[in-house]
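Hi,

Here is the structure I promised to send you. Have a look at it first, then read my notes underneath.

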Amino acid sequence: MPELPEVEVTRRGIAPHLEHATIKDVFFDKFKLREPFDPRLGDLRGAYVDKVTRRGKYIVVWTDAGSVIIHLGMTGHLKVLDEGAPEVKHDHFSLYLDNGKVIRLNDMRRFGLVRYVPPECDPLQDKHLKDLGPEPLTDDFDGHYLYQRLQKIKGPVKPALMNSKVVVGVGNIYASEVLFKAKVHPESSARALPESVCCAIADFIKETLSASIAKGGTTIRDFSGADGRPGYFVQELDVYGHVGAKCKRCGHEIEKMVQAQRSTFFCPHCQKLYQ
């Protein structure tokens, strides 16, 4: 599933083509994604695009005729194409622009989301966005905030970091990587972590997500940016997907376990368990 860096890379890829363009036409097919397509998406014909932003793993396209909230789901990706580019299988939604470009959503598994928000409503108050936690790459998120938030959580730290109400965008891959960098065992009790450790985790979240964005995100299976290129941060991963490999710090084997139905990769020797 695309995580925050991949979504930000996608936003940066489509924004120069969408912002300050006029939407000539809108296409959506008969298939249902996470939610059915809203017929009011047709109201975007003739709309002027003001800006393209990101909130967590959601992209928001703001226009004078309403907004569109887009989530890529498990396998979705947005492409920038020239007008006239043929549609291919699993293309479900397209915005045709007056600059000759098409923004097209391809989603093989159809777990993505395209949601219309009328102009009188704030898309950031939509049910999918209003309860999200702070953005990790802003000053609203730091070690002190994380420490206070984790004090209220029962259970292990890794699922807590993946909770979008705690902080947005730290998905499975990056949670494993951050905890390895911070030398924290993923089964550590969230509320047992000292504030100094929470500060280290927060710093590594910022560092890791920023580095991944700079590398175009992480491609494990399906992700590609708006230009069709894969993300290259996969080459920088220390533990994710490296079960059986030698830990770069201590030489012990990287192990794998399942937490909250997600694969977790870690070094049992040099990642400390806090209880």
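Below is what I found, starting with one strand and its neighbours.

A quick word on the source: this is a predicted model, where local features need pLDDT of at least 70 and side-chain atom pairs count only at pLDDT 80 or more, while totals for chains, interfaces and linings use all residues. Residues are numbered from 1 along each chain as its sequence is written, and side-chain values use heavy atoms, leaving out hydrogens and water.

Start with strand S3, residues 58-63 (strands are DSSP runs of E, at least two residues, and helices are runs of H or I, at least four, numbered from the N terminus). 6 of its 6 residues are buried, so S3 is largely enclosed by the rest of the structure. Buried means under 20% relative accessible area with a 1.4 Å probe, protein chains only. In a regular strand, side chains alternate between the two faces of the sheet. Here both faces are covered: Tyr58, Val60 and Trp62 on one side, Ile59, Val61 and Thr63 on the other.

Strands pair if DSSP finds at least two bridges between them. S3 runs antiparallel to S2 (residues 49-55), with 6 bridges, and threonine 53 has valine 60 as its bridge partner. S3 also runs antiparallel to S4 (residues 66-71), again with 6 bridges; there, threonine 63 partners glycine 66.

Lysine 57 sits in the loop between S2 and S3. The "active site" annotation in the unreviewed UniProt entry covers Pro2, Glu3, Lys57 and Arg262, though such annotations may be inferred rather than shown by experiment. Proline 2 comes in the segment before helix H1 (4-18) and is buried, at 7% relative accessible area.

Cheers

Note on methods. Buried means under 20% relative accessible area, exposed over 50%, partly exposed in between (1.4 Å probe, protein chains only).
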